Amino acid sequence: MPSKSEMIRINERIERSGGVINERDPNFSTVRLRLPGGSITPEQISAIGRISRRFGISSLHITTRQTIEIAHVEKGKIPSLILAMEKIGIGLGAEHEEVVNITTCPGTERCRLANIATGEILGKLDRIHFGKGMPIRVRIAVSACPNGCTSERLSEIGITGLRVPIRNEGKCTGCGTCAHTCKETAIITVNGRFTLDKNKCMECGMCIDSCPFHIIQGTIPHYLITVGGRRGRHPQLGRELIRVSSEDAAVEIVSRVVDWIYRYAYSGKILTDQMDAMDFSGFQTRIIREFGEDGTESPA
Ligand code: SF4
Ligand code: SF4
Ligand code: SF4
């Protein structure tokens, strides 16, 4: 049993966050865990299983936001369950008007298509923002390339890793491998030479690694930050805010976006629908003025 002071702390946490979700049957709740980026050790996952068994739980649910939900927990057992999870290093998740579980793809650590590493940026964003009380629910997602495995462009704040190809047409043998690789048909033949159509290029970087003669160079990776995406009934892509080339700048800009939402968003309204009223354009101008790098910022 939790001590009295632990009960007070845990009950405050339950009241503040949306990590405990009421079920149809009012006697039961679903407990959502905090799992930044969906990362968990084998020891923790075994322990979650053992603890769940001990509490008579028969079903766990892996969510789309890379967390685990423990379903059908009797109300009276929730504080003890949360305490048991804390002892194995797993905190209570979030789902209210707050910054909820931050999602990432594996990035350069594992994915051969990745343009950026995601482990450190995830750790920083989670430490700074997870569970922060907000007027609206804020989802932050990071994908290391435009394939968008975390659907970051459909999140309130998205980060996408990009690399721009730099072609040396003078050295090109015309083998066509890069054109065949590009899913956007952005490498086209002009006067018998392969040329980049910048309007079609998504800056995924795939052609850079495809050239057997290593003729295509890539810029240093960029972090594209988007704001105001949404899922649900009327999905919409987030608007491009800025591109920057350092992880620290990306983290700082996300903090500015979170602060901007905190100050100017109304509750009860999806961010996408109130960005103009919040003067997104003026906010973007200030961000570009402060963080813009030649050739990397998005057009206002
Ligand atoms: S978003 Fe890109 S880098 Fe990340 S897992 Fe998907 S394909 Fe790989
Ligand atoms: S970076 Fe991607 S979209 Fe652009 S030309 Fe290369 S493969 Fe095509
Ligand atoms: S893969 Fe390399 S050599 Fe072949 S067409 Fe593309 S740039 Fe030229």
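Among the contacts in the chain between residues at least 6 apart in sequence, 66% join residues at least 24 apart. This figure, like every value below, belongs to a predicted model. The chain contains eight helices and 14 strands, and its C-alpha atoms fill a box of roughly 75 × 45 × 35 Å when taken along the principal axes. Of the 300 residues in the chain, 37% are buried.

The chain is divided into domain 1 (4–92), domain 2, which is made up of two segments (103–163 + 220–291), and domain 3 (166–215). The C-alpha centres of domain 1 and domain 2 lie 27 Å apart, and the contact between these two domains takes seven residues from domain 1 and six residues from domain 2. On the side of domain 1 that touches domain 2, the residues divide into one nonpolar, four polar and two charged.

Two ligand sites were examined in terms of the residues around them. Ligand 2 is surrounded by 14 residues, of which the closest are Cys182, Ala186, Cys201, Cys204 and Cys207. The shell around ligand 2 comprises 10 nonpolar, two polar and two charged residues. Around ligand 3 are found Cys172, Thr173, Gly174, Cys175, Gly176, Thr177 and Cys178, together with Phe194, Cys211, Phe213, Ile215 and Ile216. In this second shell, around ligand 3, eight residues are nonpolar and four are polar, while no charged residue is present. Cysteine is counted as nonpolar in this division, so the cysteines listed around ligand 3 fall within the nonpolar group.

The loop between β11 (193–196) and α6 (206–210) holds glutamate 203, and asparagine 199 lies in the loop between β11 and α6 as well. Glutamate 203 is buried, because 23 other C-beta atoms lie within 10 Å and the cut-off for a buried residue is 20 or more. Asparagine 199, by contrast, has 7 other C-beta atoms within 10 Å and is therefore exposed, the limit for that class being 12 or fewer. The C-alpha atom of asparagine 199 is separated by 7.8 Å from that of alanine 186, a residue 13 positions away along the chain; Ala186 is itself listed among the closest residues to ligand 2.

Backbone geometry provides a further point of interest. Most residues other than glycine have a negative phi. Glutamate 203, although it is not a glycine, has a positive phi of about 60 degrees, and glutamine 66, likewise not a glycine, also has a positive phi of about 60 degrees. Glutamine 66 is found in the loop between β3 (60–62) and β4 (68–74). With 19 C-beta neighbours inside 10 Å, glutamine 66 counts as partly exposed, since a buried residue needs 20 or more. Of these two residues with a positive phi, glutamate 203 is thus classed as buried, whereas glutamine 66 is classed as partly exposed.

A last position, glycine 123, lies in helix α4, which spans residues 119–129. Glycine 123 has 15 other C-beta atoms within 10 Å and is therefore partly exposed, a class that falls between the cut-offs of 12 or fewer for exposed and 20 or more for buried residues. The C-alpha atoms of glycine 123 and isoleucine 57, which are 66 residues apart along the chain, are separated by 30 Å.

Conventions
Residues are numbered from 1 along each chain as its sequence is written. Chains are lettered from A and ligands numbered from 1 in the order in which they are written. This is a predicted model: local features need pLDDT of at least 70, side-chain atom pairs count only at pLDDT 80 or more; totals for chains, interfaces and linings use all residues. Helices (H or I, at least four residues) and strands (E, at least two) are DSSP runs, numbered from the N terminus. A residue is near a molecule or strand if its C-beta atom, placed from the backbone, lies within 6 Å of it. Domain bounds come from an automatic or database domain assignment.
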